[in-house]
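Me: Could you walk me through this protein model, a little at a time? I'd like to get to know its helices, its core and its odd spots.

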Amino acid sequence: MKYTVQKFTNGMHFLAVSTSTANKYIDGKNRRALCIINKTEKLHVGFMPKKDGNYFITIGAMVLKKLHLKNGDEVTASFEKDDTTYQFNMPEELQEVLDTDDEANKIFHSLTDGNKRGIIYLVTLVKSSDKKIERALKIADKLKAGITSPRLILK
């Protein structure tokens, strides 16, 4: 299906999605799905409600840059049910840290699904494996110190 990349006044880019399309993938409180843009880029997304009753999904700056997209560009997008454990790609570096630190692992798995995804995202922001390991270790220490919000964990 064809969609137009749009931009909110706050600068965030999104695709507007009809209620009928979103409802095929929304299951109770779970609004997560996989979105395939231009048959090349697979994203874990959440359907967010709009005031008009329809939905939107956000597209991050890194994806826009990778696909050379900007506001007003037309894309094809399809959706699939997201059956992955975290509904986000778990970096192997973070998984390894959690596998070797029982306390951090227990705390991580007690968090809300959104906070788990937020922490996973923080690790994916860095490119090199060494930096991912370094960040995962720092996150494990912060979790054990009682800081569990992704917004506060790197401050």
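Me: Let's start with α5. How many Å does α5 reach from its first C-alpha to its last?
Reply: Happy to help, and please keep in mind that this is a predicted model. α5 has 12 residues, and at 1.5 Å a residue the expected reach is 16 Å. The value in the model is close to that, at 17 Å.

Me: What covers the buried residues of α5?
Reply: The buried residues in α5 are Lys-116, Arg-117, Gly-118, Ile-119, Ile-120, Leu-122 and Val-123. Their cover includes one strand and several helices: β4, α3, α4, α6 and α7.

Me: Which residues of α4 are exposed on the side away from its buried ones?
Reply: In α4, the buried residues are Ala-104, Ile-107 and Phe-108. They cover an arc of only 100° around the axis, so they sit on the same side of α4. These buried residues pack against α3, α5 and α6. On the other side of α4, the exposed residues are Asp-102, Lys-106 and Ser-110.

Me: Now α6, please. Why do its buried residues line one face of the helix?
Reply: α6 runs over residues 129-144 and reaches 23 Å, close to the expected 22 Å. Its buried residues are Lys-132, Ala-136, Ile-139, Ala-140, Lys-142 and Leu-143. They line one face because, seen down the axis of α6, they fall within an arc of 160°.

Me: Which helices do those buried residues of α6 pack against?
Reply: It helps to look at both sides of the helix. On the other side of α6, Asp-130 and Glu-134 are exposed. The buried residues pack against α3, α4, α5 and α7.

Me: Is Asp-141 buried, partly exposed or exposed?
Reply: Asp-141 has its place in helix α6. Its relative accessible area is 49%, and exposed would need over 50%. Buried would need under 20%, so Asp-141 counts as partly exposed.

Me: And what separates the C-alpha atoms of Asp-141 and Asp-73?
Reply: Along the chain, these two residues are 68 residues apart. In space, their C-alpha atoms are separated by 43 Å.

Me: Which residues have the most contacts inside the largest nonpolar core?
Reply: The largest nonpolar core has 23 residues. β3, β4, β5, β7, α2 and β8 each supply at least two residues of this core. A second, separate core of 18 residues includes Tyr-86, Leu-98, Phe-108 and Ala-136. Back in the largest core, the residues with the most contacts are Leu-15, Val-17, Phe-47, Ile-57 and Phe-79.

Me: Which residues is Val-17 in contact with, leaving aside its neighbours within four places in sequence?
Reply: Val-17 is one of the residues with the most contacts inside the largest nonpolar core. Its partners include Phe-47, Ile-57 and Phe-79, which are also on that list. The full set is Tyr-3, Ala-22, Phe-47, Asn-54, Tyr-55, Phe-56, Ile-57 and Phe-79.

Me: Which residues lie nearest the centre of the largest pocket?
Reply: This pocket has a volume of about 1,300 Å³. β5, β7, α2 and α5 each supply at least two residues of its lining. Of the 34 lining residues, those nearest the centre are His-44, Thr-58, Gly-60, Phe-88 and Tyr-121.

Me: Let's turn to backbone angles. What is phi of Gln-87?
Reply: Most residues other than glycine have a negative phi. Gln-87, in the loop between β8 and α3, has a positive value. Its phi is near 55°.

Me: Is Gln-87 buried or exposed?
Reply: Beyond four places in sequence, Gln-87 touches Asn-30, Arg-32, His-44, Asp-82 and Arg-117. Its relative accessible area is 9%, and the cut-off for buried is under 20%. Gln-87 is therefore buried.

Me: How about Lys-39: buried or exposed?
Reply: Lys-39 is found in the loop between β4 and β5. Its phi is positive, about 60°, although it is not a glycine. With a relative accessible area of 76%, over the 50% cut-off, Lys-39 is exposed.

Me: Last one: what percentage of the residues of the chain count as buried?
Reply: The chain has seven helices and eight strands. Its C-alpha atoms fill a box of roughly 45 × 35 × 30 Å along the principal axes. Of its 155 residues, the share that counts as buried is 41%.

Definitions and conventions
Residues are numbered from 1 along each chain as its sequence is written. This is a predicted model: local features need pLDDT of at least 70, side-chain atom pairs count only at pLDDT 80 or more; totals for chains, interfaces and linings use all residues. Side-chain values use heavy atoms; hydrogens and water are left out. Helices (H or I, at least four residues) and strands (E, at least two) are DSSP runs, numbered from the N terminus. Buried means under 20% relative accessible area, exposed over 50%, partly exposed in between (1.4 Å probe, protein chains only). Contact means heavy atoms within 4.5 Å. A nonpolar core is a set of buried Ala, Val, Leu, Ile, Met, Phe, Trp, Tyr and Cys residues joined through side-chain atoms within 4.5 Å. The expected span of a helix is 1.5 Å times one less than its number of residues. The arc is that of the directions from the helix axis to the C-beta atoms. On a 1 Å grid over the protein atoms alone, a cavity is a set of points where a 1.4 Å probe fits but cannot get out, and a pocket is an open set with protein on both sides within 12 Å along at least five of seven lines; lining residues have an atom within 4 Å of a point. Grid points are joined across faces, edges and corners, and a volume is the space filled by probe spheres set on the points.
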